[in-house]
Amino acid sequence: MNGNTEVGGFLEMGHASYDTMAYAKIGDVLGHGRHNYAGIGLYADYGTSVEGLKLTGYLKGGAFSNHLNTQLVGQKVKFDNTGAYWGVHLGTHYDFQLSKLRSRTFVSYFYDGLQSSSYDVAGSEAIAGASFKFDSLTAHRVQIGSLFEYDHSATLRPYFGLTFEQVLSAEAKGTATDSKGSMTLRSSDLEGSTGIISAGWTYLNEAQTFEFEVGVNGYIGTRQGVSGQVQANWEF
């Protein structure tokens, strides 16, 4: 930390499980998968001359693994792959303190990328030798929202947040090849709007050098579901 500027590094890791559904003439094709990732990054938090107004940013990168179980022409198939991901963030937020209630209004931009992948399918004669290739995926998204914290005690702060997220550009493309030729896969357009509701608790030690947070997020809109988060920060 240097004056109003804070610079540091961070580690991240996560796990998610998901269900998929593809619509086809022969009926809906269901799938179930899991996703794991781990990465590192550098961040900066710059305090401007306006009290309470800060600029933020980070660079990060890491590795992911994805495992999907689904069906092709009635046969069970596993899609397993690993690869790299990366991300950039730029944003600003304004903090306002009123008695024991603290509010933070923010605007954030995120650029995220995922390495291209390919799969060679083994199995019965109907699908043996088939291969799939998916292009690298990049996404641009913007978040606008507010976070409210209450000073329950000197060390404990419950929080509640509302966020609107707009994905501006994100489209997944790929090709499938078998003994009969190649075809372009129907792309998955990830663009759209999502509302995010957040709630949790933050612990800050009396010296204000260690912070621990646990929370949950609910998603409504283009993205739907629930996620949890745990994070810890040390300042030195």
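Before anything else, one definition: two strands count as paired if DSSP finds at least two bridges between them. Keep that in mind, because the pairing rule of at least two bridges is what lets us speak of partners across strands. Here is a case: Ser198 stands opposite Asn217 in β15.

Hi everyone, and thanks for coming. What you see above is a predicted model, and I'd like to walk you through it.

Let's stay with that pair of strands for a moment. Strand β14 covers residues 192-204, and 11 bridges join β14 to β15 in an antiparallel arrangement. The two also form a hairpin, with five residues between the strands. In that hairpin Gln208 takes a positive phi near 60°.

Now carry on along the chain. Strand β15, residues 210-221, pairs with β16 over 10 bridges, again in the antiparallel sense. Gly215 has a bridge partner in β16, namely Gln229. These two strands make a hairpin as well, with three residues between them.

So much for the end of the chain; let's step back. How many helices and strands does the chain have? The count is zero helices and 16 strands. Ten strands are part of an open sheet with antiparallel pairing. If you want to trace the sheet on the screen, the order is β1-β2-β3-β4-β5-β8-β9-β14-β15-β16. At the edges sit β1 (5-22) and β16 (225-234), each of which pairs on one side only. From one strand to the next, the twist averages 20°.

A few totals for the whole chain. There are 236 residues, and 30% of them count as buried. The accessible surface comes to about 15300 Å², with 58% of that belonging to carbon and sulfur atoms. As for contacts between residues at least 6 apart in sequence, 56% join residues at least 24 apart.

Let's look inside. Which residues make up the largest nonpolar core? There are seven: Leu68, Val77, Phe79, Tyr119, Ala130, Phe132 and Ala176. Take Leu68 as our guide. Leaving aside residues up to four places away in sequence, Leu68 touches two other members of the core, Val77 and Phe79, among its contacts. Its contacts also include Tyr18, Thr20, Gly31, His32 and Gly33, as well as Lys78 and Asp80.

Another residue to click on is Gly57, in strand β3, which spans residues 53-72. Is Gly57 buried or exposed? Gly57 counts as buried because its relative accessibility is 15%, and the cut-off for buried is under 20%. Not counting residues up to four places away in sequence, Gly57 touches Leu42, Tyr43, Ala44, His89 and Leu90. Gly57 and Gly91 are 34 residues apart along the chain, yet their C-alpha atoms are separated by 6.3 Å.

Now for the charged side chains. Side chains of opposite charge can pair when their charged atoms come close. In this model the count comes to nine salt bridges. One of them joins Arg104 and Asp95, at 2.6 Å from N to O. Arg104 is partly exposed, with a relative accessible area of 32%, and Asp95 is also partly exposed, at 23%.

My next stop is Glu149. The side chains of Glu149 and Arg102 meet in a salt bridge at 2.8 Å, N to O. Glu149 lies in strand β8 (residues 137-150) and Arg102 in strand β5 (residues 101-114), so this pair ties together parts that are 47 residues apart in sequence. Glu149 counts as buried at 12% relative accessibility, whereas Arg102 is partly exposed at 22%.

Glu149 has a further partner. With Arg157 it forms a salt bridge whose closest N and O atoms are 3.3 Å apart, and both Glu149 and Arg157 are buried. Which residues are linked in a network of salt bridges here? They are Arg102, Glu149, Asp151, Arg157 and Glu211.

To wrap up, here is what I'd take home. The chain has 16 strands and zero helices, and an open, antiparallel sheet of 10 strands runs from β1 to β16 in the order we traced. Leu68 belongs to the largest nonpolar core, and Glu149 belongs to a network of salt bridges. Thanks for listening!

Definitions and conventions:
Residues are numbered from 1 along each chain as its sequence is written. This is a predicted model: local features need pLDDT of at least 70, side-chain atom pairs count only at pLDDT 80 or more; totals for chains, interfaces and linings use all residues. Side-chain values use heavy atoms; hydrogens and water are left out. Helices (H or I, at least four residues) and strands (E, at least two) are DSSP runs, numbered from the N terminus. Buried means under 20% relative accessible area, exposed over 50%, partly exposed in between (1.4 Å probe, protein chains only). Contact means heavy atoms within 4.5 Å. Accessible areas come from the Shrake-Rupley method with a 1.4 Å probe; for residues, only the protein chains shown count as cover. A nonpolar core is a set of buried Ala, Val, Leu, Ile, Met, Phe, Trp, Tyr and Cys residues joined through side-chain atoms within 4.5 Å. Axes are lines fitted to C-alpha atoms, for helices over the stretch in contact, and angles run from 0 to 180 degrees between N-to-C directions. A salt bridge is a side-chain nitrogen of Lys or Arg within 4 Å of a carboxyl oxygen of Asp or Glu.
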